[in-house]
Amino acid sequence: MTRSVMQSEFKMFLSTIPMAARDPILGLNEQFTHDPRPDKVNLAVGVYYNEAGEIPLLDCVAEAEASLVASQLARGYQPIDGPTAFQDAVLPVVFGSTASMSEARRIATVQTVGGTSALRLAADFLRRWAGADRAMVSAPTWDNHRGVLDGSGLYVGTYRYLSLGAEAPDLDGMLADLSSASPGTVVVLHACCHNPTGYDLPADAWSAVIETIARRQLIPLLDIAYQGFGDGLEEDAAVVRAFLASGLPCLVATSFSKNFSLYGERVGALSVVCPDAEYAGRVRSQLKTLIRTNYSNPPSHGGRLVTTVLSTPALREHWQAELESIRLRILRVRQQLAAALQSHVIDKDFSFITRQKGMFSYSGLGVTQMQHLREHHGIYGVDSGRICVPALNSRNLQQVADAMADAFRMQVATMSS
């Protein structure tokens, strides 16, 4: 076959490739960017903004960065699984400083390119070595969960979590769906600050979830992307530590994008809790093989920042204080939004907003109302009704509340007609 024929066939092949659908969140961000209205508000992207409407550079991170710049470290390749110092620094944050050395040795932790990479690495590992072919995610869940798992070759189903209009998780439905899952099914669980709903399971419900997973021989994959944004740094890791105490093998995908405000640095980790240190060594070796054939090794700068902060007592203390101030601000904004909505004469109790946790609020608005907010008010949220709470501030909160009240009235009118 001549080169011209080959190129012709390849060109024909390229002409058959359809345009991919826009990402449901980042696509809205593009739409927002091109909106000319000066009073537009972006509540779609899950990023923490301070009162000034800016992504903050944490003081502890700035100090750590200054020390790294002064040290003039070489920019050589990182180890495939990331530096040991990074692993040692992040392990207590997620699993607790009280974990015994024997427990620490049975946890294989690798640095990843953000939390998304940790999830994909977990899925690839389970597909290859556990023979996993099915996964379950909560309904609803973070939109990219399905894409990441599907991309690794897993069939992705759902378990009940929050029905339309509900204001609390459906624990009975969740347990029933997990009880009917095939052994070896990968179950993605939100360890805290459920995305997109903000509704977490009550603490006393997790024992039943763990028991069901053990009984059905399911594979738990915990996603903890918002540690410190819910009830506190230690409190938000309670689910991870409950799984550790149970003795069940599990996988934990961690992101440091939010709680270090290091979104573009892509700092994450995957931890696999194994029966003992010998298992962990073999698991780590296979994780390294998967990493090597994917992104080869993790980037250095963000990981060094996290390591420096966590391993320097003064910076660690400063980070915890800054993180707590972020958590409390989100809580205040929730309360202010609920109060502003409640001030409108609408037959609805908005206290559910204050019961949600973390970055997001599942507003209860539907697709039609969210489109109305975009088209008529320049307020961008996800079609599911999810809004990013810390994107609100003293300059735009009343504007958003007034517009949401208008959308709720429209929703009530539609339902009653």
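Colleague: What makes a residue count as buried here, and what share of the 417 residues does?

Modeller: Of the chain's 417 residues, 52% count as buried. The cut-off is under 20% relative accessible area. This is a predicted model.

Colleague: How do you know what radius of gyration a compact globule of 417 residues would have, and what does the chain have?

Modeller: The rule is 2.2 Å times the number of residues to the power 0.38. For 417 residues that puts a compact globule near 22 Å; the chain has 23 Å, which agrees. The C-alpha trace spans about 65 × 65 × 50 Å along its principal axes.

Colleague: What are α6 and α11 called, roughly parallel or roughly perpendicular, and why?

Modeller: Their axes cross at roughly 115°. The roughly perpendicular class runs from 65 to 115 degrees. α6 and α11 are therefore roughly perpendicular to each other. The axes come within 10 Å. The crossing of α6 past α11 is right-handed.

Colleague: Which residues of α6 meet α11?

Modeller: L121, D124, F125, R128 and W129 in α6 meet V283, Q286, L287, L290 and I291 in α11. By class, the residues of this contact are seven nonpolar, one polar and two charged.

Colleague: Where does P140 lie, and what is P140 in contact with beyond its neighbours within four places in sequence?

Modeller: P140 sits in the loop between β3 (134–139) and α7 (143–151). Beyond those neighbours, P140 is in contact with L162, H194, P196, T197 and Y362. Contact means heavy atoms within 4.5 Å. The C-alpha atoms of P140 and Y159 are separated by 8.8 Å, with the two positions 19 residues apart along the chain counted as their spacing.

Methods:
Residues are numbered from 1 along each chain as its sequence is written. This is a predicted model: local features need pLDDT of at least 70, side-chain atom pairs count only at pLDDT 80 or more; totals for chains, interfaces and linings use all residues. Side-chain values use heavy atoms; hydrogens and water are left out. Axes are lines fitted to C-alpha atoms, for helices over the stretch in contact, and angles run from 0 to 180 degrees between N-to-C directions. Helices (H or I, at least four residues) and strands (E, at least two) are DSSP runs, numbered from the N terminus. Angles under 35 degrees count as roughly parallel, over 145 as roughly antiparallel, 65 to 115 as roughly perpendicular and the rest as oblique. A crossing is left-handed if the near helix is turned anticlockwise from the far one by less than a right angle, and right-handed if clockwise. Ala, Val, Leu, Ile, Met, Phe, Trp, Tyr, Cys and Pro count as nonpolar, Asp, Glu, Lys and Arg as charged, and the others, Gly among them, as polar. Buried means under 20% relative accessible area, exposed over 50%, partly exposed in between (1.4 Å probe, protein chains only).
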